[in-house]
Amino acid sequence: MASNFTQPDGELELVPGGSNWVYGDRFFDREAEIEALRERVENGTHTLLTAQRRMGKTSLVRELLRRLDDEGQFATVFVDLEAAMDGADAVAEMAIQAQSVQSIWRRIQTWSTNRLGDIRDNVEEVGVSELKVRLRAGMDAGNWQRDGDRFFEALAANERPVVLAIDELSILVNRLLKGHDYRITPERRAATDRFMSWLRRNCQAYPGRVCLIISGSVGLGPILRQAGLSAQANVFAPFDLQPWSREISIDCLAALARGQGIHLSEEVRGEMCRRLRCCVPHHVQQFFHHLHERLVRDQRSEATMADVAQVYEHELLSVRGQVDLVHYEDRLRTVLGGQSYTVALGLLTEAAVNGGLLTHETARRYRESSPLSSDDEGVPVEHVLYSLEHDGYLEGQDGGYGFVSGLLEDWWRARHGQYFTPINRR
């Protein structure tokens, strides 16, 4: 989403960054979004940050937390729950990440002394992994909420209000709800309801003292909707992070080019944005990266329209050139799984081979041929479509659903379209 920058002679230069989140002087654009989120934090509004993949959600949250820390009005804690398996794991992960705030960490030590032991002077020697194991010890399905409540009490008692940012909460909730076999059972639904009820209750318990920002690579809404638990997330106000505008993307490409000492004409930059269609920050940067590599190999400093076409078709659309897009499939499998995942692949490929449009008639045929109910392995086709829309794969258009991203549409067609038989020919 962002890169290193300098400001010589008033012209912005960017040095391409990597795939990880970035912040500080590596953060590019998104000032309006930062200020909107800051206002929510100051008002105590719990936020659910939504967007399709690689839009820069983590970078946005990290940069906001950095600025809030520097300003000193709020304390901040960032937690990633992607590896958590249950509520106890989540509480242990939250607690261990809170060690960055000394007064909170002291309170956590107080209620977990038997498990942590005396670690006041040797936290670094003990190590994060061991601390997490000690915190996790003694927590189980029957008592993790007690320690979870104590954790939120420690946050609320801090001298400064606390912003708690939780990344990949949706991955944990999906794991709680469906297990490894992607089946929603009454027991799993009850466990998910219990976890979300606990989180919701603590969100409401400390107004003005604890503010949550939730983000993730898949949408929390569609997951809860499958189990009829959508109301458990109504404590969070949605915040939809949009792609870069064409103008911002063109400016970014110009700055990247200056930073690397090459020239991209306005026509070339416009063609790059046209092909992407949806200017996801990471995709903009990846396009530039491959184009720059081509110029370096050819020992040239100026890109042509032919270069743009070659790079797009033979680099970005290849498995080698855009391994990142495979993650779109992986996340679909994570959220849907089983037969529903197969239906999602079919719907997306139908759209890809039909000029980017999944017609209402085609969707109807899938409903008739895949009569899934909530008691089956999968979920109804309507839920699949809702997930695809929510997570930025498709959007409603005249006559059906179309791909949001031109890059994803073209890549999906190249990857799945060659041997695919549309449903109306089966």
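**Exercise 1. State what share of the 426 residues in the protein chain is buried, and describe the accessible surface of the chain.**

Buried residues, meaning those under 20% relative accessible area (exposed is over 50%, partly exposed in between, with a 1.4 Å probe and protein chains only), make up 54% of the 426 residues in the protein chain. The accessible surface, from the Shrake-Rupley method with a 1.4 Å probe, comes to about 18400 Å², of which 45% belongs to carbon and sulfur atoms. This is a predicted model, in which local features need pLDDT of at least 70 and side-chain atom pairs count only at pLDDT 80 or more, while totals for chains, interfaces and linings use all residues. Residues are numbered from 1 along each chain as its sequence is written, and side-chain values use heavy atoms, with hydrogens and water left out.

**Exercise 2. Trace the open sheet of 5 strands and place helix α2 against it.**

Begin with the strands, which like the helices are DSSP runs numbered from the N terminus (helices H or I, at least four residues; strands E, at least two). The order of the open sheet is β4-β5-β6-β3-β7, with parallel pairing, where two strands pair if DSSP finds at least two bridges between them. Its edge strands are β4 (75-80) and β7 (237-240), each of which pairs on one side only. Next, take β5 (residues 162-167) and β6 (residues 210-215), which pair over 6 bridges in the parallel sense; there, Val-162 has Val-210 in β6 as its bridge partner. Finally, helix α2 (residues 57-71) lies across β3 (47-50), β4, β5 and β6, and runs at about 155° to β4, where axes are lines fitted to C-alpha atoms, for helices over the stretch in contact, and angles run from 0 to 180 degrees between N-to-C directions.

**Exercise 3. Determine how Arg-294 is placed and what the side chain of Arg-294 contacts.**

First locate the residue: Arg-294 lies in helix α14 (residues 281-298), and because its relative accessibility is 22%, Arg-294 counts as partly exposed. Then list the contacts (heavy atoms within 4.5 Å): leaving aside residues up to four places away in sequence, Arg-294 touches Arg-300, Asp-307, Gln-310 and Val-311. With Asp-307 there is a polar contact between the two side chains, at 3.0 Å; such a contact is a pair of N or O atoms within 3.5 Å, where within protein one must be able to donate a hydrogen and the other to accept it, and residues adjacent in sequence count only if both atoms are side-chain atoms.
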